[in-house]
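Trainee: Please take one part of this model and go through it closely. I would like to hear about aromatic rings, with the chains around them as background.

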Amino acid sequence: MSHEDNNTVPLPLPQTSQSDIENLITASVQLAPSTVKPACPPSPTTRASIPVSTSPSFPSNPPPSLSKSSTYVPAAPLLHSNDPNANAGRSQPNINTLSEPVRETVKRDMLRIVSNLKLVVFPNPFREDPGKALRDWDLWGPFFFIVFLGLTLSWSASIDKSQVFAVAFALLATGAVILTLNVLLLGGRIIFFQSLSLLGYCLFPLDVGALICMLKDNVVMKMVVVCVTLAWSSWAAYPFISTAVNPRRKALAIYPVLLMYVSVAFLIVAID
Amino acid sequence: MDLNPPSGENYANPRICFFHVLFKAGALAFYILSALFFDSFVIIFVVTVLLSALDFWVVKNVSGRILVGLRWWNEIDDNGESVWKFECLDQESLARMNKKDSWLFWWTLYLTAVVWIFFGIFSLIRFQADYLLVVGVCLTLSIANIVGFTKCRKDAKKQIQQFASQTIANRFSSTIQSAFTVV
């Protein structure tokens, strides 16, 4: 990140000398507005909320399109983002994310997880257009849900707890990856991480079911609860997968997803 | 990159550097020492992966921003295509970054990945599939950060050159124009 390979243009101009060229170079460097040193902890003098349309995400990564972040208005460093089509309106959020305090980043990511959960699992107007709903995918939510499910199953098991956890985690993680590959290989138009994120978020109802089963030990109740949560999970996952593939191949894409959720449901019921 | 930290200045952000190293070292230390104290694999797995994930988040969102002025993320644009975005501060701020900070940042980033690879090889030799799983997850997170920031740095260099040459070209053309109008 140094200037050693700056290309200077050696034009023999009769009216400019070498020192003038150097002056031009230093002037061009100073053209960038004076910026706040990023090393200094920023002290908020004025705060303005600017709706952020994108947010950095975890490759797991979570981004919501609906959260707001505070910005430090006057002294934001100039940014270049690697998008030649970025217009002036888009550059605004970028400035803020590089200089915002840590608290804001945490808050933004938490909000993202909650909003993704609400979009995927609960009824909402976006379900007809699934592509828009999980635009800001993140993998933190799925990570927590998978770990939570593994922990619950492991807690309920009386023997081989470690094995149960490892099996549950590996099954869910590789299952999500394989199901995504299945959709992609069927010619579906879905993005890898978006689908991973979706399949992880749809585990939320099963998490709730596993928790209830862990607390109460009645067999009939367990069956009922697991059936209800299984139906809820499948209902949540269905629109996203089915709209991503060719209508004639919908069943081929949906069936493995349902199979995985059913096997997880069996795990929950059969654990003792 | 040299083995010794650049001398002549102190860390500009000691707290951030500390956190940057804390979670990495914590995950590695827990992984190594846990076998002595804990019988249960579940605890080892959950704590190590959690520390690794926290480290990933800290590096991506906090120390990358503050120590080296880089950031990367993924967006899905209106056409449904996934776009990887890389951004960096302008070259003035980049030049003013503390050298020691960035030395620490890059060294620890690469070093932890190498150490996890060693552990992976050990568990592979010993046929311990569960530990291989843990190492696999932590390694994936480290490598993701390495790839993201390395791409970011290449982009940063490219943009600096582009910006500089563009500005120089603009200034030259305006100088020439003004010269001709005067004449």
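Mentor: Start with terms: helices are DSSP runs of H or I with at least four residues, strands are runs of E with at least two, and numbering starts at the N terminus. Keep in mind that this is a predicted model.

With that in hand, take residues 191–212 of chain A: the span is 86% helix and 0% strand. Its end C-alpha atoms lie 33 Å apart. Residues 164–185 of chain A are 100% helix and 0% strand, with 31 Å between the end C-alpha atoms. In UniProt, an unreviewed entry gives these spans as "transmembrane region", along with residues 139–157, 219–241 and 253–271 of chain A.

Now the rings. Over all chains, the structure holds 28 aromatic pairs. One of them joins B:Phe41 and B:Tyr131: the centres are 5.3 Å apart, the planes meet at 80°, and the pair is edge-to-face. B:Phe41 belongs to helix α2 (residues 41–68) of chain B, and B:Tyr131 to helix α5 (residues 129–182) of chain B, so this pair ties together parts 90 residues apart in sequence. B:Phe41 has a relative accessible area of 5%. The cut-off for buried is under 20%, so B:Phe41 counts as buried.

A second pair is B:Trp116 with B:Phe119. Their ring centres lie 5.9 Å apart and their planes stand at 70°, so this pair is edge-to-face; the cut-off for that label is over 60 degrees. Here the sequence separation is three residues, about one turn of the helix, and both residues lie in helix α4 (residues 99–125) of chain B. Both B:Trp116 and B:Phe119 are buried.

These four rings belong to one aromatic cluster, which also takes in B:Tyr31, B:Phe45, A:Phe165 and A:Phe169. The cluster therefore draws on chain A and chain B. A:Phe165 and A:Phe169 fall in the 164–185 span, described above as 100% helix.

Other rings in chain B have a charge over the face. B:Arg153 lies over B:Trp106, 4.2 Å from the ring centre. B:Lys60 sits over the face of B:Trp72, and the distance to the ring centre is 4.8 Å.

Step back to chain B as a whole. Five helices and two strands make up its secondary structure. Along the sequence the pattern runs α-α-β-β-α-α-α. Chain B has 183 residues, and 49% of them are buried. Of its contacts between residues at least 6 apart in sequence, 72% join residues at least 24 apart. Its accessible surface is about 9000 Å², with 67% belonging to carbon and sulfur atoms.

Chain A has 10 helices and three strands, in the order α-β-β-β-α-α-α-α-α-α-α-α-α. Of its 272 residues, 47% are buried. Contacts with a separation of 6 or more come to 70% from residues 24 or more positions apart. The accessible surface of chain A is about 13800 Å², and carbon and sulfur atoms hold 67% of that.

One helix of chain A rounds this off. Helix α3 (residues 102–121) has 20 residues and spans 29 Å from first C-alpha to last, close to the 28 Å expected at 1.5 Å a residue. Its buried residues include A:Glu104, A:Arg108, A:Asp109 and A:Arg112. Among the others are A:Ile113, A:Leu117, A:Leu119, A:Val120 and A:Val121.

Definitions and conventions:
Residues numbered from 1 in each chain as written. Chains lettered and ligands numbered in written order. Predicted model: local features only at pLDDT ≥ 70, side-chain atom pairs only at ≥ 80, totals over all residues. Heavy atoms only, no water. UniProt positions renumbered as here; feature names shortened; annotations may be inferred. Phe/Tyr/Trp six-rings, centres within 6.5 Å; stacked < 30°, edge-to-face > 60°. Buried < 20%, exposed > 50% of the residue type's maximum accessible area, 1.4 Å probe, protein only. Lys NZ or Arg CZ within 6 Å of the ring centre and 35° of its normal. Contact = heavy atoms within 4.5 Å. Areas by Shrake-Rupley, 256 points an atom, 1.4 Å probe, with all protein chains shown as cover. Expected span 1.5 Å × (residues − 1).
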